[in-house]
Amino acid sequence: MKISVIITTLLLLCASVAHSETIAIIGTGSVAKALGPEFAGLGHTIVYGSREPRSEKAKSLVAATGNDSSAALPADAVVDAGIVVVAVPGLLVEEIVRGLGDLSGKIVIDPTNPLVGDWETELSLGVATSNAQIIQEAAPEAFVVKAFSTLNWRQMVEPEGPISILMAGDDESAKIRVAELVSGMGLEPIDLGPVKNAHWVEGMTILWLNNRIMPRPDFEFHLRIVE
Ligand SMILES: NC(=O)c1ccc[n+]([C@@H]2O[C@H](COP(=O)([O-])OP(=O)(O)OC[C@H]3O[C@@H](n4cnc5c(N)ncnc54)[C@H](OP(=O)(O)O)[C@@H]3O)[C@@H](O)[C@H]2O)c1
């Protein structure tokens with residue numbers, strides 16, 4: 001092997017090690033199953049936070065994820081994580097986040113939707129502000145980024161065509177780091193401003209799901225950037 005090839009390989013290895021981190025994913029449902037293996041495929045170590053970390057469900061998810069992943073109780077899973085994904089039922093977010101303990105300095109990715117209503121007729125938002133704002137209030141020293149809430153979990157794994165990941169959060173560098181994960185998955189991050197704008201992002205899920213329910217035209221969100 002040529003010396004230049006060896007040096008390039010070593011540099012790439014160093015770069016991937018420098019960027020790999022521990023990501024806690026709270027929950028072992030559809031979104032956790034989609035995002036965990038995707039993030040592991042990008043070189044990150046996943047710790048699933050589960051109420052039953054020794055269950056067969058958690059064990060098979062850990063096995064499918066690989067890359068030194070593991071499962072622990074939610075409050076234990078976040079301890080060494082720089083990024084925490086709360087892939088949990090939308091109406092339980094505040095209670096679950098408060099149960100995680102100190103999230104100071106961590107990026108918290110919020111893919112949740114606070115859905116209320118009837119899945120056969122019409123859904124609406126079950127909170128006055130947004131889940132992302134509720135999480136930010138519950139964990140004021142964390143950097144909350146709304147992301148991954150406006151697409152089905154299948155599109156997170158195998159996107160059919162270009163799909164935008166709508167992001168909202170107050171910390172610019174946190175959004176840049178989440179955007180790196182999004183791009184690594186073959187999806188297109190778009191910054192929609194501060195965390196208070198998560199109210200509108202969560203409303204976009206309502207529009208999308210209600211179109212599916214009616215049925216009106218089904219669609220994916222893809223925003224074309226105008227240079
Ligand atoms: N499904 C999608 O395609 C999709 C797409 C985008 C966004 N979302 C949003 O992402 C969030 C997660 O969706 P999901 O489809 O992954 O949900 P899910 O399949 O129901 O999984 C939720 C997970 O939350 C954990 N959990 C913790 N406390 C819980 C409790 N008291 N009751 C029930 N589960 C509890 C469970 O893990 P343990 O049992 O291991 O504790 C469970 O596996 C939701 O807010 C949803 O609106 C979903």
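## Helices, core and backbone outliers in a predicted model

Leu181 counts as buried because 24 C-beta neighbours lie inside 10 Å, and the cut-off for burial is 20 or more. The model is predicted. Leu181 sits in helix α8. Residues within four places in sequence aside, Leu181 contacts Phe39 and Leu42. Leu35 is 146 residues away along the chain, yet the C-alpha atoms of Leu181 and Leu35 are separated by 9.9 Å.

**Helix α8**

Helix α8 covers residues 172-184. Its 13 residues, at 1.5 Å a residue, should span 18 Å; the end C-alpha atoms are 18 Å apart, so the two values agree. Which residues of α8 are buried? They are Ala174, Lys175, Val178, Leu181 and Val182. Seen down the axis, these residues fall within an arc of 115°, so they line one face of the helix. The face turned away from that buried side carries exposed Glu172, Ser173 and Glu180. The buried residues pack against helix α2 and against four strands: β5 (107-110), β8 (143-146), β9 (164-167) and β10 (188-191).

**Helix α3**

Helix α3 runs over residues 56-65, with Ala58, Leu61, Val62 and Thr65 buried. These four cover an arc of only 100° around the axis, which means they lie on the same side of α3. Glu56, Ser60, Ala63 and Ala64 are exposed on the other side. What do the buried residues of α3 pack against? Their partners are α2, β2 (45-49) and β3 (70-72). Helix α2 thus recurs: the buried residues of α3 pack against α2, and those of α8 do too.

**Core**

The largest nonpolar core holds 58 residues. Ile25, Leu35, Tyr48, Val84, Val85, Val86 and Val108 have the most contacts inside it. Helix α2 gives the most to this core, with 5 residues. Val84 touches Ala24, Ile26, Val78, Leu103, Lys106 and Val108, leaving out residues up to four places away in sequence.

**Ligand shell**

The shell around the ligand has 23 residues. Gly27, Gly29, Ser50, Gly90 and Thr112 come nearest. By class, 11 are nonpolar, 10 polar and 2 charged. Which helix supplies the largest share of the shell? Helix α2 (residues 30-41) does, with 3 residues.

**Backbone outliers**

Most residues other than glycine have a negative phi, and most peptide bonds are trans. The table gathers positive phi values, glycines included.

| Residue | Phi | Place |
|---|---|---|
| Gly66 | about 65° | just after α3 |
| Asn67 | about 50° | loop between α3 and β3 |
| Asp68 | near 65° | loop between α3 and β3 |
| Gly186 | near 85° | after α8 |

Asn67 has its positive phi although it is not a glycine. Asp68 also has a positive phi in a residue other than glycine. Are these loop residues buried or exposed? Asn67 has 15 C-beta neighbours inside 10 Å, so it counts as partly exposed. Asp68 is exposed, because 12 other C-beta atoms lie within 10 Å, and the limit for exposed is 12 or fewer.

One peptide bond also stands out. Met214 and Pro215 are joined by a cis bond, with omega about -5°. Pro215 is in the segment after α9 (198-213).

Technical notes
Residues numbered from 1 in each chain as written. Predicted model: local features only at pLDDT ≥ 70, side-chain atom pairs only at ≥ 80, totals over all residues. Near = placed C-beta within 6 Å. Helix = DSSP H or I, 4+ residues; strand = E, 2+ residues; numbered from the N terminus. Nonpolar A, V, L, I, M, F, W, Y, C, P; charged D, E, K, R; others polar. Arc of directions from axis to C-beta. Contact = placed C-beta atoms within 7 Å. Expected span 1.5 Å × (residues − 1). Core = buried A, V, L, I, M, F, W, Y, C linked by C-beta atoms within 7 Å.
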